[in-house]
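Me: I'm new to reading protein models, and I'd like a close look at one part. Could you walk me through how charged side chains pair up here, and then show me how two helices meet?

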Amino acid sequence: MEELRDCQRSSMITSSVHPVACPALSRAISASTMLAGAEGAVKGVQKSNLQSFQQIPHTGSNGWINLLRFWREGTFSQLHKYMEQSFHMLGPIYRQYLGSQCSVNIFLPVDIGELFHSEGLHPRRMTLQPWATHRESRKHKKGVFLKNGAEWRADRLLLNREIMLSSAVRRFLPLLDEVARDFSCSLHRKVQTEGREENGHYSLTLDPSPDLFHFALEGSCYVLYGERMGLFSSEPSQESQRFIWAVERMLATTSPLLYLPPRLLLRLHAPLWTQHATAWDHIFSHAEARIQRGCQQLQAGVGNAAGAVQGSVGQFPGVLGQLMERGQLPLELITANITELMAGGVDTTAVPLQFALFELARNPSVQEQMRAQVQTSWSQAAGNPQKALQGAPLLKGAVKETLRLYPVGITVQRYPIRDIVLQNYHIPAGTLVQACLYPLGRSQDVFQEPERFDPHRWGPGSEEGTTEMGSGAGFRSLAFGFGARQCVGRRIAENEMQLLLLHILRNFRLSVSSKEELKTKYTLILQPESPPSINFTTLSHS
């Protein structure tokens with residue numbers, strides 16, 4: 001009977017990816033059930049009540065049939081909606097079989113907290129096999145994103161010192177502020193040149209996404225290499241455009257390759273694999289050229305090369321320079337990690353900024369509250385970006401709120417090192433468990449009024465955001481992952497986004513013609529189906 005119910009549920013799920021109301025889910029994740037999930041994992045559950053792994057509801061037990069159905073129905077592009085639908089139908093935990101892969105999917109913070117506590121000293125997440133196969137076939141070293149075990153930990157600790165620690169943030173924050181200011185000035189010139197003037201204010205409606213990609217690449221390069229690329233000039237280099245294209249192509253081809261054997265596709269010279277590998281080849285070529293120039297500059301002891309677009313900061317040699325000067329990582333490993341940071345730092349920053357600007361534009365009262373806080377903080381900070389951000393906590397709240405509604409990556413994965421209990425089900429050690437962020441961020445059982453864009457919900461002492469009790473309260477904002485294996489570029493991305501929003505709010509009022517929800521698609525990262533057009537109106541400074 002249990003198998004029959006699972007099959008019936010599966011047929012209902014695969015027929016649609018649109019959310020539906022499900023009283024069963026609300027009952028399943030009532031306070032008592034959530035507490036049972038947390039307490040059962042921590043204190044133990046009576047064996048007579050504990051349910052087996054095979055009793056976990058699933059969406060169909062034949063992974064290859066499921067994969068074929070995904071391909072035929074285009075489910076991959078709506079995977080985030082499919083997950084949300086699956087939780088509505090099956091409850092707060094279910095099994096997913098795709099190809100040869102089996103995962104347990106969860107979304108409640110108490111369960112994610114238990115998963116975190118079982119990740120061990122060397123946390124593992126799902127390997128992006130197409131990326132790993134590319135490195136192996138090209139004889140490239142792997143960076144920390146693709147490594148595991150003691151080797152991962154040793155490299156990660158070295159990178160943390162240059163990117164994650166507060167001392168590192170203080171070094172590169174002025175560089176990001178410089179880029180954000182230049183972006184705002186460039187946009188201001190465009191609005192004045194191409195826009196409509198009325199009562200001394202200029203207004204222009206445009207799709208900001210191309211400029212946001214330039215901003216993200218310019219900021220990442222400045223922090224990583226210690227030099228500017230000049231992407232805000234009237235004619236950005238074609239090489240930079242090709243790099244952005246390569247990153248987009250790499251991301252778009254990763255998702256459909258995840259559940260297929262990459263080595264077989266490599267031997268068959270399959271077009272999809274060829275596109276993926278070619279995109280990575282260009283990304284590596286771009287990074288290696290810049291790293292080689294960095295090596296030459298360091299050896300010559302002349303800092304930035306003559307003729308490069310110079311910034312006003314000029315002191316910080318970039319993460320590349322710092323790593324090379326310390327000499328604790330061989331050059332081939334520096335190259336691998338810098339390349340991964342470059343590839344992972346463009347779309348994953350530019351796309352959330354599209355969503356953030358859109359949400360501010362369609363929530364004018366929130367926008368005005370943030371602008372008032374930003375203006376006050378900026379005037380008191382006397383040009384110090386760190387003080388300006390500290391005095392405007394709604395900027396951080398806006399980034400967290402954007403990533404709650406539109407998580408860049410829609411899952412965080414771990415393989416627990418010990419048997420655990422989730423929702424009274426036994427999960428064996430070594431099982432792939434995925435925390436699904438899109439359903440988490442939009443669940444009314446976790447957030448009050450989840451559809452509302454409210455940066456205040458993340459403020460200190462705020463009572464908003466959750467009706468949940470227990471150990472999971474700290475696992476509601478997971479866009480950058482959690483624990484020792486959280487996103488290594490987190491500090492760069494967080495500050496990059498906050499500083500851009502700061503300077504945009506200081507200089508422009510944002511609006512949109514339609515306040516309807518944005519349609520989204522998934523291509524390894526979550527992004528709009530069509531980038532939103534936003535109206536930018538210049539503001540007067542007293």
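Reply: Happy to help; we start with the salt bridges and then turn to a pair of helices.

This is a predicted model, in which local features need pLDDT of at least 70 and side-chain atom pairs count only at pLDDT 80 or more, while totals for chains, interfaces and linings use all residues. Residues are numbered from 1 along each chain as its sequence is written, and side-chain values use heavy atoms, with hydrogens and water left out.

Side chains of opposite charge can pair when their charged atoms come close. A salt bridge here is a side-chain nitrogen of Lys or Arg within 4 Å of a carboxyl oxygen of Asp or Glu. By this rule there are 28 salt bridges.

Let's look at Arg-362. Its partner Glu-359 forms a salt bridge with Arg-362, with the closest N and O atoms 3.1 Å apart. Both residues lie in helix 16 (residues 347-362), three residues apart, about one turn of the helix. Helices (H or I, at least four residues) and strands (E, at least two) are DSSP runs, numbered from the N terminus. Glu-359 and Arg-362 are both buried, where buried means under 20% relative accessible area, exposed over 50% and partly exposed in between (1.4 Å probe, protein chains only).

Arg-362 also forms a salt bridge with Glu-517, again with the closest N and O atoms 3.1 Å apart. This pair links distant parts of the chain: Glu-517 sits in the loop between strand 9 (508-511) and strand 10 (520-522), and Arg-362 in helix 16, 155 residues apart. Glu-517 counts as partly exposed because its relative accessibility is 44%, whereas Arg-362 counts as buried because its value is 13%.

Elsewhere, Glu-449 and Arg-452 meet in a salt bridge (3.3 Å, N to O). A network of salt bridges links Arg-161, Glu-162, Arg-171 and Arg-326.

Now for the helices. The axes of helix 13 (residues 271-300) and helix 15 (residues 331-344) come within 9 Å and cross at roughly 125°. Axes are lines fitted to C-alpha atoms, for helices over the stretch in contact, and angles run from 0 to 180 degrees between N-to-C directions. Helix 13 and helix 15 are therefore oblique to each other: angles under 35 degrees count as roughly parallel, over 145 as roughly antiparallel, 65 to 115 as roughly perpendicular and the rest as oblique. Where they touch (contact means heavy atoms within 4.5 Å), residues of helix 13 including Trp-280 and Phe-284 meet residues of helix 15, among them Leu-331 and Met-342.
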